[in-house]
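Please open the model in your viewer and keep the selection tool at hand. We will go from one stop to the next, selecting a few residues each time.

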Amino acid sequence: MRVFEGKVFAVEQRDGTDVVVHGPAATIVAVDKTDHVMLVRQDRLPAGGRLLELPAGGVDDGESPLEAAGRELREETGLHGGEWVEAATFFTTPGFCDEKMHLFIATDLEQGEADPQGGEEIELVRVPVAELPGLIDEIEDGKTLAGLLLLLRLRLLRPSAAG
(Lines give C-alpha, C1' and ligand atoms only; values in the text may rest on other atoms or scores of the structure.)
Protein backbone atom coordinates (compact mmCIF):
# COMPACT_ATOMS: atom_id res chain seq x y z
CA MET A 1 0.00 0.00 0.00
CA ARG A 2 1.40 3.39 -1.04
CA VAL A 3 1.54 5.82 1.90
CA PHE A 4 3.47 8.70 0.29
CA GLU A 5 4.09 9.93 -3.24
CA GLY A 6 6.80 12.53 -3.84
CA LYS A 7 8.66 13.97 -6.83
CA VAL A 8 11.72 11.74 -6.41
CA PHE A 9 10.46 8.73 -4.47
CA ALA A 10 7.42 7.10 -2.89
CA VAL A 11 6.92 5.12 0.31
CA GLU A 12 5.01 1.85 0.40
CA GLN A 13 4.04 -0.49 3.21
CA ARG A 14 5.29 -4.02 2.41
CA ASP A 15 4.65 -6.71 4.99
CA GLY A 16 4.40 -4.03 7.70
CA THR A 17 7.65 -2.33 6.68
CA ASP A 18 8.03 1.12 5.13
CA VAL A 19 9.95 0.82 1.85
CA VAL A 20 11.25 3.80 -0.10
CA VAL A 21 10.41 3.15 -3.76
CA HIS A 22 13.00 4.70 -6.05
CA GLY A 23 13.77 3.91 -9.66
CA PRO A 24 17.10 2.53 -10.81
CA ALA A 25 20.18 4.73 -11.09
CA ALA A 26 23.52 4.67 -12.87
CA THR A 27 26.97 5.86 -11.84
CA ILE A 28 30.20 6.08 -13.77
CA VAL A 29 33.89 5.73 -12.96
CA ALA A 30 34.97 8.01 -15.79
CA VAL A 31 38.61 7.68 -16.90
CA ASP A 32 39.73 10.12 -19.58
CA LYS A 33 42.45 9.73 -22.21
CA THR A 34 45.07 11.15 -19.80
CA ASP A 35 44.30 8.53 -17.09
CA HIS A 36 42.41 10.91 -14.81
CA VAL A 37 39.13 10.05 -13.08
CA MET A 38 36.46 12.75 -13.21
CA LEU A 39 34.61 13.31 -9.95
CA VAL A 40 31.96 15.89 -9.10
CA ARG A 41 31.63 17.91 -5.91
CA GLN A 42 28.10 19.02 -5.15
CA ASP A 43 25.84 20.06 -2.29
CA ARG A 44 24.06 17.16 -0.61
CA LEU A 45 21.61 18.59 1.92
CA PRO A 46 20.88 15.24 3.62
CA ALA A 47 24.64 14.72 4.16
CA GLY A 48 25.05 18.23 5.54
CA GLY A 49 27.50 19.57 2.97
CA ARG A 50 29.37 19.09 -0.27
CA LEU A 51 30.41 15.58 -1.23
CA LEU A 52 32.96 14.35 -3.74
CA GLU A 53 31.21 11.74 -5.88
CA LEU A 54 31.18 9.82 -9.11
CA PRO A 55 28.82 11.29 -11.72
CA ALA A 56 25.43 9.61 -11.35
CA GLY A 57 21.73 9.96 -11.96
CA GLY A 58 18.42 8.24 -12.39
CA VAL A 59 17.44 5.94 -15.24
CA ASP A 60 14.53 7.56 -17.07
CA ASP A 61 11.51 5.57 -18.29
CA GLY A 62 12.35 3.78 -21.53
CA GLU A 63 16.08 4.28 -21.01
CA SER A 64 18.63 1.53 -20.34
CA PRO A 65 21.10 1.95 -17.47
CA LEU A 66 23.92 2.34 -20.03
CA GLU A 67 22.01 5.07 -21.88
CA ALA A 68 21.34 6.86 -18.59
CA ALA A 69 25.00 6.61 -17.60
CA GLY A 70 26.12 8.11 -20.91
CA ARG A 71 23.56 10.93 -20.65
CA GLU A 72 24.45 11.77 -17.05
CA LEU A 73 28.18 11.74 -17.78
CA ARG A 74 27.77 14.11 -20.75
CA GLU A 75 25.47 16.44 -18.80
CA GLU A 76 27.58 16.62 -15.65
CA THR A 77 31.12 16.50 -17.08
CA GLY A 78 31.05 16.76 -20.88
CA LEU A 79 32.91 13.43 -21.16
CA HIS A 80 31.72 11.02 -23.85
CA GLY A 81 32.74 8.13 -26.11
CA GLY A 82 35.27 5.58 -24.92
CA GLU A 83 34.87 1.97 -23.84
CA TRP A 84 32.19 1.05 -21.29
CA VAL A 85 31.70 -1.99 -19.04
CA GLU A 86 29.08 -2.57 -16.35
CA ALA A 87 31.27 -3.46 -13.37
CA ALA A 88 28.60 -3.98 -10.69
CA THR A 89 24.93 -3.70 -9.82
CA PHE A 90 23.93 -3.22 -6.19
CA PHE A 91 21.25 -1.92 -3.86
CA THR A 92 22.22 1.48 -2.43
CA THR A 93 20.47 1.16 0.95
CA PRO A 94 18.67 -2.21 1.06
CA GLY A 95 17.47 -1.80 4.64
CA PHE A 96 14.73 0.61 3.56
CA CYS A 97 15.05 1.47 -0.15
CA ASP A 98 14.67 -0.56 -3.36
CA GLU A 99 16.99 1.66 -5.48
CA LYS A 100 19.36 -0.43 -7.60
CA MET A 101 22.56 1.23 -8.82
CA HIS A 102 24.30 0.21 -12.05
CA LEU A 103 28.02 1.02 -11.86
CA PHE A 104 29.93 1.46 -15.09
CA ILE A 105 33.64 1.91 -15.71
CA ALA A 106 34.21 4.03 -18.82
CA THR A 107 37.72 4.50 -20.18
CA ASP A 108 39.44 6.44 -22.94
CA LEU A 109 36.81 9.19 -22.71
CA GLU A 110 36.92 12.41 -24.71
CA GLN A 111 36.19 15.86 -23.26
CA GLY A 112 33.26 17.93 -24.46
CA GLU A 113 31.08 20.65 -22.93
CA ALA A 114 29.16 19.90 -19.74
CA ASP A 115 25.46 20.82 -19.61
CA PRO A 116 24.21 20.45 -16.01
CA GLN A 117 20.44 20.07 -15.75
CA GLY A 118 17.96 21.59 -13.32
CA GLY A 119 20.25 24.25 -11.89
CA GLU A 120 22.81 21.71 -10.66
CA GLU A 121 25.89 23.46 -9.29
CA ILE A 122 28.68 20.98 -9.90
CA GLU A 123 32.40 21.42 -9.40
CA LEU A 124 34.41 19.09 -11.62
CA VAL A 125 37.43 17.46 -9.94
CA ARG A 126 39.98 15.55 -12.06
CA VAL A 127 42.18 13.12 -10.14
CA PRO A 128 45.05 11.09 -11.61
CA VAL A 129 44.29 7.37 -11.20
CA ALA A 130 47.69 7.00 -9.48
CA GLU A 131 46.47 9.35 -6.69
CA LEU A 132 43.19 7.51 -6.00
CA PRO A 133 44.52 5.32 -3.14
CA GLY A 134 45.34 8.46 -1.15
CA LEU A 135 41.86 9.89 -1.78
CA ILE A 136 39.84 6.89 -0.56
CA ASP A 137 39.81 7.96 3.11
CA GLU A 138 38.18 11.28 2.14
CA ILE A 139 35.25 9.74 0.23
CA GLU A 140 31.96 9.65 2.17
CA ASP A 141 29.68 8.42 -0.61
CA GLY A 142 29.08 4.66 -0.91
CA LYS A 143 28.76 4.41 -4.70
CA THR A 144 31.95 6.40 -5.11
CA LEU A 145 33.88 4.20 -2.69
CA ALA A 146 32.60 1.10 -4.49
CA GLY A 147 33.44 2.44 -7.94
CA LEU A 148 36.93 3.70 -7.13
CA LEU A 149 37.83 0.51 -5.28
CA LEU A 150 36.55 -1.60 -8.18
CA LEU A 151 38.70 0.42 -10.59
CA LEU A 152 41.78 0.03 -8.38
CA ARG A 153 41.12 -3.71 -8.00
CA LEU A 154 40.77 -4.08 -11.75
CA ARG A 155 44.04 -2.23 -12.27
CA LEU A 156 45.82 -4.48 -9.74
CA LEU A 157 44.47 -7.66 -11.30
CA ARG A 158 45.00 -6.58 -14.88
CA PRO A 159 47.37 -3.59 -15.08
CA SER A 160 46.63 -3.04 -18.79
CA ALA A 161 42.85 -3.09 -18.18
CA ALA A 162 40.51 -0.22 -17.28
CA GLY A 163 42.33 2.45 -19.23
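The tour below visits a helix, a core, a loop residue and a pocket.

Before you select anything, note that this is a predicted model, in which local features need pLDDT of at least 70 and side-chain atom pairs count only at pLDDT 80 or more, while totals for chains, interfaces and linings use all residues. Residues are numbered from 1 along each chain as its sequence is written, and side-chain values use heavy atoms, with hydrogens and water left out.

Begin by selecting residues 142-157, which form helix 3; helices (H or I, at least four residues) and strands (E, at least two) are DSSP runs, numbered from the N terminus. Helix 3 has 16 residues and reaches 22 Å from its first C-alpha to its last. Now colour Lys-143, Thr-144, Gly-147, Leu-148, Leu-151, Leu-152, Leu-154 and Arg-155, which are buried, a word that means under 20% relative accessible area, whereas exposed means over 50% (1.4 Å probe, protein chains only). These buried residues lie on the same side of helix 3, because they cover an arc of only 160° around the axis, taken from the directions from the helix axis to the C-beta atoms. Turn to the other side of helix 3, and you will find Arg-153, Leu-156 and Leu-157 exposed.

Next, select Val-29, Val-37, Leu-39, Leu-132, Leu-135, Leu-148 and Leu-151, which touch the most other members among the 19 residues of the largest nonpolar core, that is, a set of buried Ala, Val, Leu, Ile, Met, Phe, Trp, Tyr and Cys residues joined through side-chain atoms within 4.5 Å. Helix 3 gives the most to this core, with 4 residues.

Where should you look for Leu-54? Leu-54 sits in the loop between strand 6 and strand 7, and it is buried, with a relative accessible area of 1%. Leaving aside neighbours within four places in sequence, Leu-54 is in contact (heavy atoms within 4.5 Å) with several residues, including Val-29, Leu-39, Gly-147 and Leu-148. If you draw a distance between the C-alpha atoms of Leu-54 and Gly-147, which are 93 residues apart along the chain, you should find 7.8 Å.

Finally, select Val-8, His-22, Arg-44, Glu-53 and Glu-99, which, of the 39 residues lining the largest pocket, lie nearest its centre. Helix 1 supplies the largest share of the lining of this pocket, 4 residues.

How values were computed. Expected span 1.5 Å × (residues − 1). 1 Å grid on protein atoms, 1.4 Å probe; cavity = no way out; pocket = protein on both sides within 12 Å on 5 of 7 lines; lining within 4 Å.
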